[in-house]
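I opened a fresh page in my notebook for this one. Here is what I looked up, in the order I went through it.

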Amino acid sequence: MRVGFFVTCLVDSMRPSIGFSAIELLESAGCEVVVPPAQTCCGQPAWNSGDRQTTRDLAIKWLKEFEAFEHVVMPSGSCASMVVSHYKQVFESDPDLKWRASQLAQRTWELTDFLVNVLGMDKLKLRKSPELSKVTYHDSCSGLRDLGVKAQPRALIDQLEGLELVEMKDCEQCCGFGGTFAMKYGDVSSAICSEKCENIENANAQAVVLGDLGCMMNIQGRLARKGTHVKVLHVAELITGKS
């Protein structure tokens with residue numbers, strides 16, 4: 001299976017280990033993984049900010065780079081949601097581009113959804129860090145609400161022998177990031193994140209695991225400022241033993 005891998009802006013610039021872990025998982029299951037070298041942004045920040053022309057330009061570029069692949073996989077629910085849920089709106093006035101985008105959307109996946117529902121967990125080589133025995137999981141908004149990603153990461157975590165998943169209170173509640181929301185409404189975002197971090201701490205887990213780097217940065221920053229030593233891991237890092 002030939003898979004196009006979309007790294008995403010934040011993974012590329014802030015935490016490349018997520019990308020390497022995701023590629024390791026895909027290759028371990030026998031996929032030929034291709035990372036188009038000229039890839040940039042899917043257009044999500046521009047779309048959320050109302051810049052429709054920049055969004056369209058980036059979306060056209062993205063289509064050209066990825067539509068030849070059998071599947072496209074990305075370690076981000078929010079970026080996957082942009083392609084799957086919003087490209088049809090971006091190209092609403094152009095029937096040809098809208099059709100091309102709809103075809104590609106059917107082959108575009110958030111990482112854990114692809115691992116569980118397309119590849120199958122029996123093909124994966126999973127491992128955990130010996131340092132961890134208990135984790136909790138935060139459901140990122142776009143993956144959960146737009147793509148239905150909830151059971152998939154938990155199914156992967158359940159495959160790790162010797163690791164207990166403890167559900168935190170309000171695991172589906174937003175962490176307050178929301179892209180530019182955190183900048184436009186800083187006080188509200190801060191209050192939401194404080195509540196989320198309190199729930200994480202009360203779970204008494206060694207790490208909080210999630211599937212979107214925006215949420216990771218927001219939660220990790222707040223936990224660090226509080227002096228809390230809970231690790232913040234992407235699910236791809238967790239199930240490849242990189243903690």
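My entries below go through sheets, helices, salt bridges and voids, and the model I worked from is a predicted one.

**Entry 1: the open sheet**

I began with the strand order. I found 4 strands in an open sheet, running β2-β1-β3-β4, with parallel pairing. At the edges I noted β2 (32-34) and β4 (108-110), each of which pairs on one side only. From one strand to the next I read an average twist of 30°.

Then I looked at one pairing in detail. Strand β3, residues 71-74, runs parallel to β4 and is joined to it by 3 bridges. Which residue of β4 stands opposite V72? I found T108 there.

**Entry 2: helices on that sheet**

I turned to what packs against these strands. Helix α5 (residues 77-90) lies across β3 and β4, and I noted an angle of about 155° between α5 and β4. Helix α7, residues 111-119, also packs on the sheet, where it touches β1 (2-5), β3 and β4. For the directions of α7 and β4 I wrote down about 105°.

**Entry 3: strand β7 and its partners**

Next I followed β7, residues 207-210. On one side it has β5 (residues 134-137) as a parallel partner, over 3 bridges. Within that pairing, Y137 has V209 as its bridge partner. I also found 4 bridges from β7 to strand β8 (residues 231-234), again parallel. There V208 stands opposite V232.

Are the faces of β7 covered or open? I found both covered: A207 and V209 are buried on one side, V208 and L210 on the other. A general reminder I jotted beside this: side chains in a regular strand alternate between the two faces of the sheet.

**Entry 4: salt bridges**

I counted salt bridges and got 15. I picked out a few to look at.

The pair I spent time on is E237 with R15, whose side chains meet at 3.0 Å, N to O. It links distant parts of the chain: E237 belongs to helix α13 (residues 235-238), R15 to the loop between α1 (9-14) and α2 (16-28), and they are 222 residues apart. Both E237 and R15 are buried.

E92 and K98 form another salt bridge, with 3.0 Å between the closest N and O atoms. Why does E92 count as partly exposed? Its relative accessibility is 49%, so it gets that label. K98 counts as partly exposed because its relative accessibility is 29%.

R100 and D96 come next, with their closest N and O atoms 3.9 Å apart. Both lie in helix α6 (residues 95-105), 4 residues apart, which is about one turn of the helix. I marked D96 as partly exposed because its relative accessibility is 45%.

I also wrote down a network of salt bridges that links D139, K150, R154, E167 and E172.

**Entry 5: S21**

I looked up S21, which has its place in helix α2. Is S21 buried or exposed? S21 counts as buried, because its relative accessibility is 0%. Setting aside neighbours within four places in sequence, I listed A236, E237, T240 and K242 as its contacts. One of these, E237, is the residue I had already met in the salt bridge with R15.

**Entry 6: the largest pocket**

I then went to the largest pocket, with a volume of about 750 Å³. Its lining has 33 residues, and those closest to the centre are Q44, N48, S78, F177 and G179. Which helices supply at least two residues of this lining? I listed α1, α3 (44-48), α5, α8 (141-147), α10 (181-184) and α12 (213-226). The largest share of the lining is 5 residues, and it comes from α5. I cross-referenced my earlier note that α5 lies across β3 and β4.

**Entry 7: the cavity**

How many cavities of 30 Å³ or more does the structure hold? I found 1. The largest cavity has a volume of about 80 Å³. Its lining is G77, E110, Y137, D139, S140, G143, L144, V149, P153, G211 and D212. Two of these names were already in my notes: Y137 as the bridge partner of V209, and D139 as a member of the salt-bridge network.

Terms used
Residues numbered from 1 in each chain as written. Predicted model: local features only at pLDDT ≥ 70, side-chain atom pairs only at ≥ 80, totals over all residues. Heavy atoms only, no water. Pairing = 2+ DSSP bridges. Axes fitted to C-alpha atoms, helices over the stretch in contact; angles between N-to-C directions. Contact = heavy atoms within 4.5 Å. Salt bridge = Lys/Arg side-chain N within 4 Å of Asp/Glu carboxyl O. Buried < 20%, exposed > 50% of the residue type's maximum accessible area, 1.4 Å probe, protein only. 1 Å grid on protein atoms, 1.4 Å probe; cavity = no way out; pocket = protein on both sides within 12 Å on 5 of 7 lines; lining within 4 Å. Points joined across faces, edges and corners; volume = space filled by probe spheres on them.
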